[in-house]
Amino acid sequence: MYADIIVDITHEKLDKVFQYRIPSHLEGMLKVGMEVVVPFGMGNKEIKGYVTGFSERAEYAPEKMKEVLKIAEESVAIESKLVALAAWMKESYGGTMIQALKTVLPIKKKEKAKEKQKVRLLLPEAEGKEKLELYLHKNQKARARLLAALLDQPEQDYDFLIHKLNLTRSVVRALEEQKVLALESEQVYRNPVIYQQKEQKEIIYTEEQQAAIRTFSKDYEQGIRKTYLLYGVTGSGKTEVYMEMIDKVLSEGRQAIVLIPEIALTYQTVMRFYTRFGGRVSILNSRMSQGERYDQMERVKKGEVDIMIGPRSALFTPFERLGLIVIDEEHEPTYKSEQVPRFHARETAIERARMEGASVVLGSATPSLEAFYACECGRYQMLRLRNRTGKQALPEVYVADMREELKHGNRSILSDRLKVLMQDRLEKKEQIMLFLNRRGYAGFVSCRACGYVVKCPHCDVSLSVHRGGKMVCHYCGYETQTVKNCPVCGSPYIGGFRAGTQQIEDLVKREFPQARVLRMDMDTTKNKGGHEKILAKFADEEADIMIGTQMIVKGHDFPNVTLVGVLAADMSLYSDDYRSGERTFQLLTQAAGRAGRGRRPGEVIIQTYSPDHYSIRMAARQDYEGFYEKEMNYRDLMGYPPASQLMAVLMTGSDENKLTTAAEYLKKYAIRVSADREVQVIGPASPSVGKVNDVYRKVIYLKSEEYQVLVRIKNHMERYIEINRGFVNMRIQFDFNPMNIF
């Protein structure tokens with residue numbers, strides 16, 4: 001019997017299966033996905049690898065074939081279904097098979113089990129009392145204390161007894177040797193969730209919610225597995241619908257994965273699921289210790305968990321009977337991996353569901369253009385929630401034109417109207433959220449007097465400021481000199497935005513000294529539990545104002561928030577990315593959705609220098625369909641996803657001249673292999689950061705209407721790179737429909 005093994009070396013030239021003979025002492029012990037140790041290369045260096053399959057026929061001379069040495073210690077096997085998913089990811093997104101295997105492996109190695117010790121009395125009560133008299137008679141006070149405690153309660157926690165009775169370990173051991181007691185150990189799981197039982201409130205579903213639940217349940221009962229888009233306005237009760245769908249899947253004896261875009265959302269989401277489903281819920285995220293992560297996977301394997309909640313990595317939970325994958329806030333860019341393979345959780349979830357006979361539900365108030373377009377094309381089924389659950393009106397949204405504020409002498413980052421409304425809410429004991437839109441901080445150039453933004457004439461994305469007085473397009477490489485006066489109105493107020501959350505916090509405290517202010521950003525949440533502490537404080541109304549970046553506007557539900565201020569809406573609008581309009585609309589609509597979720601109506605102030613831009617106008621009206629139509633016209637015109645498919649090829653190397661030459665060769669080769677197809681090749685250009693740690697970077701973009709055409713070109717390019725020595729000291733990565741520009 002022979003094993004097919006991928007060796008643990010991340011190198012394109014070794015990205016193939018090697019066959020090894022299985023020795024007799026390992027016959028029947030190896031499984032697909034298991035980590036083993038094998039001899040490799042001329043020197044038979046011991047190296048780890050993963051078993052990807054078995055065969056009874058040798059592919060070359062059996063006498064020359066090497067043997068598997070052993071199963072790797074502390075290894076964690078990958079489920080065979082996940083190995084197949086890894087192979088699909090490698091093919092669809094590039095990279096090596098070993099990189100794909102490590103991506104689908106949620107736990108890298110075994111962790112030492114955490115144990116809890118118990119002390120149990122072995123003697124009958126009468127005999128125990130006799131022994132107690134003996135200890136007292138001999139003045140053995142510590143032994144007497146321990147035995148008396150066990151006579152009161154025959155089974156107790158070891159650590160509790162030691163500390164409560166001020167005992168030493170030798171006292172316990174002495175009684176154990178005398179067969180008075182037994183010391184027993186049991187494994188306890190490190191639970192990452194601190195949960196206080198809350199009474200579940202009765203939920204009265206709206207007609208729209210009931211219709212969505214009925215559609216899903218009817219399909220599920222009939223064995224129909226689809227991808228659904230649950231498109232509902234903010235506050236329309238999407239989470240309650242997810243829970244009913246999950247309940248249906250659990251009743252069929254199957255399991256569910258719930259993906260959320262940010263760790264910051266874990267706290268509120270998990271509490272809601274725990275209230276409904278209890279301890280059958282678990283979580284996975286990067287802030288958990290290795291021991292906590294390992295224990296949750298062990299619980300999954302033992303069948304103690306039915307629902308796993310977490311960001312992208314939770315998608316690879318090794319459930320045996322997976323029935324449903326929910327992706328909440330599916331439009332979020334965090335669902336796209338920035339590590340090779342650069343997979344998107346949405347497409348990967350759909351492929352895993354196809355392999356396992358499961359359904360997929362995508363949820364959002366502002367769906368990605370890809371998801372909405374897929375509904376139009378009939379690939380997904382749309383389920384609509386048009387109204388909020390409590391019949392609350394959507395918040396009133398006002399647009400503050402910061403150009404006018406400047407004309408009236410207000411140079412503060414807070415508009416006059418926002419200041420007035422903040423004072424009003426503080427007097428009414430209502431809460432305020434201030435969202436600083438920091439996405440796209442690369443540094444576009446705009447005029448504060450008229451709102452003009454300097455753009456690339458070829459790509460319709462903003463130019464970014466570079467050192468040396470240049471503005472550069474990160475798509476095609478177009479360059480021009482930095483302007484000192486606005487080319488449209490001549491104003492000297494032209495430049496980049498430079499305020500951060502800390503400056504906003506200081507300003508708010510000066511303007512409103514009576515207010516209790518919380519700040520939530522990367523600095524204040526870097527420690528474990530940081531998100532939960534801040535969110536819990538704000539939920540308990542221990543603060544009046546919360547200031548934060550994107551993490552505060554996604555999915556949170558604070559009924560007492562009646563005012564949301566969006567500061568610098570333009571920051572994402574003019575980032576050097578073709579998705580900037582979509583990102584802006586989504587962020588503004590999500591931010592507006594935090595206001596007025598309780599009994600009191602909400603108001604939102606969007607501060608901008610571009611009040612006439614369709615992203616901002618449609619967000620103020622919360623008109624997704626209107627925005628979608630405008631944005632798709634732009635994507636069609638420019639050939640950007642989802643109207644066309646886009647592949648980025650990122651090349652890095654320490655020799656700038658060789659990298660430039662190699663990039664030109666790779667571009668010419670891409671043009672040659674795509675000659676009979678409609679493919680546009682752009683670049684090579686320097687990305688936003690052209691050099692990191694003395695390593696230079698170049699990027700080539702390819703556009704095509706067909707995704708598979710780009711996959712085939714990628715495969716050709718990988719083979720070309722493998723056989724061409726000119727690429728030896730370079731790193732080349734592929735990214736399909738990138739969420740962020742390089």
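Two strands count as paired if DSSP finds at least two bridges between them. In this predicted model, pairing of this kind builds an open sheet of 7 strands. The strand order is β11-β12-β10-β13-β14-β9-β15, and the pairing is parallel. Strands β11 (281-283) and β15 (381-385) form the edges, each pairing on one side only. From one strand to the next, the twist averages 20°.

Inside this order, strand β10 (residues 255-259) runs parallel to strand β12 (residues 307-310). The two are joined by 4 bridges. Residue A256 stands opposite I307 of β12. In general, strands of a sheet pair through backbone hydrogen bonds.

Helices lie across the strands. Helix α10 (residues 290-301) lies across β11 and β12. Its direction is at about 145° to β11. Helix α12 lies across β9 (227-232), β14 (359-364) and β15. The angle between α12 and β9 is about 115°.

Helix α12 (residues 369-376) also packs against helix α20 (residues 624-638). Their axes are 11 Å apart and meet at an angle of about 95°. Angles of 65 to 115 degrees count as roughly perpendicular, so α12 is roughly perpendicular to α20. On the α12 side, the contact is made by L369, F372, Y373 and E376. Helix α20 contributes Y624, E625, F627, Y628, E631, M632 and R635. By class, the contact of α12 with α20 holds 7 nonpolar and 4 charged residues, with no polar ones.

Technical notes
Residues numbered from 1 in each chain as written. Predicted model: local features only at pLDDT ≥ 70, side-chain atom pairs only at ≥ 80, totals over all residues. Heavy atoms only, no water. Axes fitted to C-alpha atoms, helices over the stretch in contact; angles between N-to-C directions. Parallel < 35°, antiparallel > 145°, perpendicular 65-115°, else oblique. Contact = heavy atoms within 4.5 Å. Nonpolar A, V, L, I, M, F, W, Y, C, P; charged D, E, K, R; others polar.
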